[in-house]
Amino acid sequence: MGMNEFIADCFDVVVIGAGHAGCEAALAAARLGCETLLAALSMDNIAVMPCNPSIGGTSKGHLVREVDALGGEMGKIIDKTYIQSRMLNRGKGPAVHSLRAQADKRRYSAEMRRSLEREPLLTLLQSEIVDVRPESGFLAVVSEGGAVYRAKAVVICGGTYFNARCLYGETIIRSGPNGCRPSARLADALAALGVKTRRFKTGTPARVDGRGVDFSKMTIQRGDEIVVPFSFENTPESVRRGQIPCWLTYTNERTHAVIRAALSRSPMYSGVIEGVGPRYCPSIEDKVVRFADRASHQVFIEPEGEDTAEMYVGAMSSSLPEDVQREMYRTVPGLERARITRNAYAIEYDCFDPTQLTSALEFRDVPGLFSAGQVNGSSGYEEAAAQGIIAGINAAARALGRPPLTLDRSEAYIGVLIDDLTVKGTAEPYRMMTSRAEYRLLLRQDNADLRLTEKGYRAGLIPRDRYERFLRKKRIIEEEIARVTRTIVPPGSAVNAALVSLGSPPLATGASLADLLRRPELSYAALAGICPAPSLPADVREQVEISVRYAGYIARQAIQAERFRSLERKSIPPDVDYEAVGAMRLEARQKLSAFRPVSLGQAARIPGVNPADINALMMYLKGR
């Protein structure tokens with residue numbers, strides 16, 4: 001031990017960082033029976049939202065519902081604290097429907113802290129952790145004051161705090177997001193363990209005082225009348241409340257002229273920023289440069305909470321100087337007289353190369369050390385929470401001597417996220433998108449509970465009463481699908497008149513309710529008027545309608561998913577000598593030797609390994 005160090009306590013699991021990843025990791029570990037310590041740089045910034053005060057969105061809503069289905073907390077907290085909720089992409093198919101809710105960011109943080117403090121096996125600590133090192137069968141976690149906490153497993157959820165600095169114009173501040181202090185010493189200590197890092201960058205827009213905003217020049221965006229909850233434990237009735245509108249406006253040529261004239265003062269374009277920024281969430285400077293032909297860009301004005309006048313200026317993140325920001329934002333219709341309460345800034349930070357991690361989010365070369373969230377190169381609160389719950393479950397499994405929980409690409413968006421990070425890696429902040437999921441018709445947000453509740457129950461996070469309710473729901477869905485499949489509707493004047501009134505052709509011969517439901521102009525609710533149906537909850541009716549209407553497509557994708565799983569089941573012995581696979585290219589041998597894939601499916605997804613290499617490996621393994 002160091003000169004000023006002392007043994008302070010022993011825990012099963014220590015979680016470092018109390019952002020969205022850290023909260024889910026700590027709750028999962030504690031609920032699985034592990035004495036858990038959650039160390040935060042600031043107890044006042046638990047589950048803080050330093051950027052957009054919202055949860056969900058396209059593909060991100062899938063992640064939140066999957067976290068909930070496994071037994072996580074994010075969905076429950078946003079259901080308690082949303083101020084507006086909307087289902088996105090309703091005009092498209094169910095595979096891309098995505099729930100998004102605007103949050104009261106202070107209430108969200110307070111509710112998450114309340115959940116943490118209710119866990120009897122969870123201890124909270126405000127302190128900077130400066131070292132993690134292997135030590136005689138344990139991992140030693142060292143605080144800035146020299147306190148040493150021994151643990152069987154450690155989860156690092158450092159977010160964007162490692163060696164962080166915030167920049168706008170010529171102003172450079174050594175700071176984490178939202179004015180919080182950064183973490184420098186832990187990043188250096190992990191580098192000494194051989195953990196590889198890279199430099200990434202992200203950013204956030206300004207906040208303005210809503211009292212100076214002229215909403216008459218903007219388009220109002222209201223929430224949905226019937227709110228779909230994020231948590232499968234809730235119903236639309238239980239989460240219904242009054243909602244606050246958001247607003248839409250646009251940049252214009254005046255805005256773009258201000259930006260172009262000041263590009264040389266932006267640290268992004270002057271060479272001051274070294275980190276790689278997110279491709280799918282560019283700053284307003286990036287948009288103006290990359291899409292020079294666009295006369296305008298959308299700007300979303302969103303409230304930060306019920307008890308504050310601050311408004312978030314969405315889609316206008318920037319690192320321009322303060323004087324330029326004042327001029328730029330005031331060119332936007334409705335913001336002419338708005339006063340900035342918090343400047344926009346870019347933040348640059350260190351993060352890990354995620355290919356050092358297994359699919360359980362454990363470092364290959366440091367047993368018992370796990371990592372989750374933006375420190376793994378991802379972006380977004382939802383991606384962080386998804387990794388957090390998996391890392392927390394697996395840290396607890398390591399401490400308790402149990403096998404890890406892993407999800408593959410055919411089971412969950414969480415599986416896609418973790419597989420993309422740990423197998424393919426990322427050269428920029430990774431954002432989840434529906435296009436990344438090959439089996440997205442199977443991985444809808446509406447059926448996340450049907451896919452993952454069983455796994456959450458077996459892992460130990462889903463209580464028995466919730467599991468029994470899930471089984472009842474599953475049984476009712478199956479019985480109703482069977483009923484609509486076998487129920488024949490005979491032709492008749494009343495039936496045909498009802499069909500025609502709904503814009504559907506009349507029947508010449510009898511047809512099953514399932515056949516009628518496959519007609520695009522008909523719905524489950526409409527058919528109930530033709531043939532009486534049992535009274536069922538809305539989520540059950542939704543599952544029946546989707547399962548019947550898209551049965552052919554779902555079956556086809558299920559076959560594709562099973563082919564994928566067959567490759568995943570073909571394991572590769574850990575002692576394979578890839579140099580002995582003579583028919584394989586040199587690059588593939590080097591990549592496979594470095595990565596050590598556990599299955600043929602995983603090997604096939606490693607960049608630089610092609611199908612011919614996989615065939616050569618299959619022949620070699622058969623020969624063994």
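In the predicted model, arginine 265 and glutamate 170 form a salt bridge in which the closest N and O atoms are 3.1 Å apart. This pair links distant parts of the chain, 95 residues apart, with arginine 265 placed in the loop between α7 (253-261) and α8 (267-270) and glutamate 170 in the loop between β10 (165-168) and β11 (171-173). Arginine 265 counts as partly exposed at 31% relative accessibility, whereas glutamate 170, with a relative accessible area of 56%, is exposed.

A search of the whole structure finds 63 salt bridges. Another of them joins arginine 198 to aspartate 353, with 3.7 Å between the closest N and O atoms. Here too distant parts of the chain are linked, since arginine 198 belongs to strand β12 (residues 197-204) and aspartate 353 to the loop between β19 and β20, 155 residues apart. The relative accessible area of arginine 198 is 23%, so this residue is classed as partly exposed, while aspartate 353, at 12%, is buried. Salt bridges with shared partners also join Arg409, Asp419, Asp420, Lys424, Glu438, Glu568 and Arg605 into one network.

A salt bridge within a single helix is formed by the side chains of glutamate 117 and arginine 113, which meet at 2.9 Å, N to O; both residues lie in helix α4 (residues 105-118), where their separation of four residues corresponds to about one turn of the helix. Both count as partly exposed, glutamate 117 with a relative accessible area of 48% and arginine 113 at 26% relative accessibility.

Positive charge also gathers on the surface, where Arg326, Arg330, Arg337 and Arg339 make up a patch. Of these residues, arginine 337 is found in the loop between α10 (322-329) and β18 (340-342), and its relative accessible area of 72% marks arginine 337 as exposed.

Aromatic contacts were examined next, and the count comes to seven aromatic pairs. In one of them, the ring centres of phenylalanine 11 and tyrosine 149 are 6.3 Å apart and the ring planes stand at 45 degrees, so the pair is classed as tilted. Because phenylalanine 11 lies in strand β1 (residues 6-16) and tyrosine 149 in strand β9 (residues 147-156), the pair ties together parts that are 138 residues apart in sequence. Both residues are buried, phenylalanine 11 with a relative accessible area of 8% and tyrosine 149 at 12% relative accessibility. Ring pairs further link Phe162, Phe352 and Phe363 into a cluster.

Positive phi values in residues other than glycine were found at leucine 361, where phi is near 70 degrees, and at arginine 596, where phi is about 60 degrees. Leucine 361 is placed in the loop between β19 (345-352) and β20 (369-371) and, at 2% relative accessibility, counts as buried. Arginine 596, by contrast, is located in the loop between α20 (586-595) and α21 (600-604) and counts as partly exposed, at 30% relative accessibility.

Finally, leucine 122, a residue of strand β6 (residues 122-126), is buried, with a relative accessible area of 9%. From leucine 122 to aspartate 188 the separation is 66 residues in sequence and 28 Å in space, C-alpha to C-alpha.

Note on methods:
Residues numbered from 1 in each chain as written. Predicted model: local features only at pLDDT ≥ 70, side-chain atom pairs only at ≥ 80, totals over all residues. Heavy atoms only, no water. Patch = residues over 30% accessible without salt bridge, like charges linked within 9 Å, V, L, I, M, F, W, Y side chains within 5 Å. Areas by Shrake-Rupley, 256 points an atom, 1.4 Å probe, with all protein chains shown as cover. Salt bridge = Lys/Arg side-chain N within 4 Å of Asp/Glu carboxyl O. Lys, Arg positive; Asp, Glu negative; His and termini not counted. Charge placed at Lys NZ, Arg CZ, Asp CG, Glu CD. Helix = DSSP H or I, 4+ residues; strand = E, 2+ residues; numbered from the N terminus. Buried < 20%, exposed > 50% of the residue type's maximum accessible area, 1.4 Å probe, protein only. Phe/Tyr/Trp six-rings, centres within 6.5 Å; stacked < 30°, edge-to-face > 60°.
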